[in-house]
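Here's a quick briefing to read alongside the model. Have the structure open and follow along topic by topic.

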Amino acid sequence: MATFLYRLGRWAFLRRRLMALLWVALLATAGVLAAKAPAAPDDGFAMPGTEAQQAFDLMDERFPGSTAEGASARLVFVAPSGQKITAGSNQQAVERTVAELAHGEQVTGAVSPFQAGAVSKDGSTAYATVSYDAKPGSLTTAATDALQQAAQHGRDAGLTVEIGGSALLGGGEAGGTTEAVGMALSAVVLVITFGSLAAAGLPLLTALVGVGLGIAAITALGSTLGLSTTTSTLAMMLGLAVGIDYAVFIVSRYRAELLDGYEPREAAGRAVGTAGSAVVFAGLTVVIALAGLSVVGIPILAKMGMAAAGTVVIAVLVALTLVPALLGFLGGRVLPRRARRTAARRGRSRRAPAGPVLVEAVPAGERPANGGTRWARLVLRRPVAVLLSGVIGLGIFALPALDLRLGLPGEESQPTSTTQRRAYDHLSEGFGPGFNGPLTVLVDAKGAADPKAAAERVGQEVAGLPGVVSVSPPVFNKAGDTALINAVPSTGPSAAETEELVHTIRDRSAGLKSATGATVLVSGATAMNIDVSQKLSDALVPYLAVVVGLAVVLLLVVFRSVLVPLKAALGFLLSVAAALGAVVAVFQWGWLADLIGVEQTGPVMSVMPIFMVGVVFGLAMDYEVFLVTRIREAYVHGEEPGEAVVTGFRHNARVVTAAAFIMISVFAGFIGMAEPMVKMMGLGLAAAVAFDAFVVRMAIIPAALALLGRRAWWLPRPLDRILPDIDVEGARLQTRAPEPEPARHFVGV
């Protein structure tokens, strides 16, 4: 592996113009295809295998032409203080607004609240439902503009008018000023780390190339593979983070090889051969974790995972080919001016003997201690204290996760500045908190002797349950064999009592079928959220087994050790638990919620635990592979276990710290977005990277290695014979004679 990548790095360095043109051509081609591609489809949050989805599918079959999956808008009208919405002028204003929308573009129906009885008991609030023939996110600009204009006309008449429903839902946010802030912070970290504008700019440039190509490919293939705009959010988030990190790993090793006296092309080859090997296997762990999202059984989550995995693969290829090519243009300018002179001096010393020099230009014992060296020696002196402090500290952060409640964010989680949130609040005040989350009870009466009597029996049974405010009369399809009943709970969509009510109705379905011959299914957005949470909870353990199991096997091959992969996996579980605790504390308990713009606390997004397991595991292994491969490299080359830890930290602690700050900056940039799902993802990932990089990888791992000593690298003989030796540490490169290069490559010396 290391030898192949070494040759690839040297070739890319030598053929830098060809390589740069190739990537530019790929980016331009993908951009053109993306511009000409049809519009991306809507997200279509299907949940195969759940009762709610079964009911939705049956509705599509039995109620053809219905708008069950179509977009809808709910115009909420509130009369001025002290007035009734039914007052003459107020009622006329409502009816004019609804009539204005009835014949609008893509509208299939608009029902006046006075015809539908959609007026609150106190007469202050009413709502009108507008149905569309397009799915959410697919409405034309003209249709949404007409909706906004009609609402404004109602406001001009003196009413408070807000718009709820799915009609105003757009595509996922894919960019904004917050990401720009994250990139700016990353640039500052890189300049501080490298002390060179050229070295700092290169990772940013290559990351943008990789992300641009990945997003363009997702857009170009969107209509073919069903990849929506939301799919690209995760790809952008991870593509930026790992793209910068992987380039930083290569550039950092290249600089180290230059300072050891190697000529630029040789340094590029050795950097790609060693750090590039770590990048390949770190990228593989991320890809495994993301592709593993396919086993959960949620199509949109699988698509997000596969699209993000593709972007990570592009980031790895960019790091292995485009980065050494750009290093060929920069030469020695990746070093500060003083360091260039030092590198040139050591290069002359290395070229002076007749044969190849196979020793380091500066012996390890004579190198000055840096921050990584001092920290590693501190950990080695107090390994037990450091280990216990790290584990206990993460355990404390993880405690809120014991109170984890799952759900899907709705309009109640939107900022109060949005019309959707204000519409939600007005409906809750006028009609009760459960009105925003009605349950749809489907009665399949094909097997019933009297379908009408069966539906009425079901309605009476549901109406008599505790926690049910009202039940609508059954609405039959044209065939008269299937009915829909809407039941309004007394509690909100995310309340535990509402979930209990759904389970109660489902528990009674068997008895109702025996009594009436009809099958009863509970659906609707609230029931779907409950089913999503349950399905994700059931899939978490199998997903963990698949992802962690495959990654442990991969790390077993990389490190040729049994204990190192196991401690890596355990450390990851600690950091994920602590990050979930932070998410619960902020989004569920409300700690520091105002600071990041969380205006409504509630359940944690149901996909968050399994999503964080997948994404964070891959990112955690990035640091594990990059840091521990350098430690193992020193150990393989003859250093004692403790000194190998110090050597690994001397070389890589600064880079891992910078890479972690970069990832945190990128993820934290998404906290500023208005979309609650993206905001939660940003906080969770930023916290997880902070915990994993600075507590697990920089403290717990070296402490554990210090306590294990040589046992850390133990591998049973049967496994030693079976496992391939892929030479991640580049041991064969140490005996490879460097090819002579002209000194002119040291630009600026």
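**The big picture**

Among contacts in the protein chain with a separation of 6 or more, 80% are between residues 24 or more positions apart. Keep in mind that this is a predicted model. The protein chain has 749 residues, and 55% of them are buried. Its secondary structure comes to 26 helices and 11 strands. About 30,100 Å² of the protein chain is exposed, with carbon and sulfur atoms supplying 61% of that.

**Nonpolar cores**

- The largest nonpolar core takes in 181 residues, and Tyr246, Leu290 and Phe667 have the most contacts inside it.
- Setting aside neighbours within four places in sequence, Leu290 touches Leu234, Leu238, Gly305, Met306, Ala308, Ala309, Val312 and Val615.
- There's also a second, separate core of 25 residues, with Ala73, Ala79, Val107 and Ala167 among them.
- As background, nonpolar side chains tend to be buried together in soluble globular proteins.

**Helix α22**

- Helix α22 covers residues 608-636, which is 29 residues in total.
- From first C-alpha to last, α22 reaches 40 Å, close to the 42 Å expected at 1.5 Å a residue.
- Is α22 mostly covered or mostly exposed? It's mostly covered, with 28 of its 29 residues buried.
- Just after α22 comes Gly638, which takes a positive phi of about 110°.

**Salt bridges that link distant parts of the chain**

- The structure holds 18 salt bridges.
- One of them pairs the side chains of Asp444 and Arg62, at 2.9 Å from N to O.
- That pair ties together distant parts of the chain: Asp444 sits in strand β6 (residues 439-444) and Arg62 in helix α3 (residues 51-62), 382 residues apart.
- Asp444 counts as buried because its relative accessible area is 15%, under the 20% cut-off.
- Arg62 falls in the buried class too, at 13% relative accessibility.
- Another salt bridge joins Arg422 and Glu162, whose closest N and O atoms are 3.0 Å apart.
- Here again distant parts of the chain are linked: Arg422 is in helix α16 (residues 419-431) and Glu162 is in strand β4 (residues 160-165), 260 residues apart.
- Accessibility splits this pair, since Arg422 is partly exposed at 31%, whereas Glu162 is buried at 7%.

**A local pair and a network**

- The side chains of Glu266 and Arg270 form a salt bridge at 2.7 Å, N to O.
- Both lie in helix α11 (residues 264-291), and because they are 4 residues apart there, about one helical turn separates them.
- Glu266 and Arg270 are each buried.
- Elsewhere, Arg253, Glu257, Arg630 and Glu633 are joined into one network by salt bridges that share partners.
- In general terms, side chains of opposite charge can pair when their charged atoms come close.

**A nonpolar surface patch**

- Which residues make the nonpolar surface patch of about 710 Å²? They are Val384, Leu388, Ile392, Ile396, Leu399, Leu402 and Leu707.
- Helix α15 (residues 383-398) gives the most to this patch, contributing 4 residues.
- Ile392 lies in helix α15, and Ile392 counts as exposed because its relative accessibility is 52%, over the 50% cut-off.

Notes
Residues numbered from 1 in each chain as written. Predicted model: local features only at pLDDT ≥ 70, side-chain atom pairs only at ≥ 80, totals over all residues. Heavy atoms only, no water. Helix = DSSP H or I, 4+ residues; strand = E, 2+ residues; numbered from the N terminus. Expected span 1.5 Å × (residues − 1). Buried < 20%, exposed > 50% of the residue type's maximum accessible area, 1.4 Å probe, protein only. Core = buried A, V, L, I, M, F, W, Y, C linked by side-chain atoms within 4.5 Å. Contact = heavy atoms within 4.5 Å. Salt bridge = Lys/Arg side-chain N within 4 Å of Asp/Glu carboxyl O. Areas by Shrake-Rupley, 256 points an atom, 1.4 Å probe, with all protein chains shown as cover. Patch = residues over 30% accessible without salt bridge, like charges linked within 9 Å, V, L, I, M, F, W, Y side chains within 5 Å.
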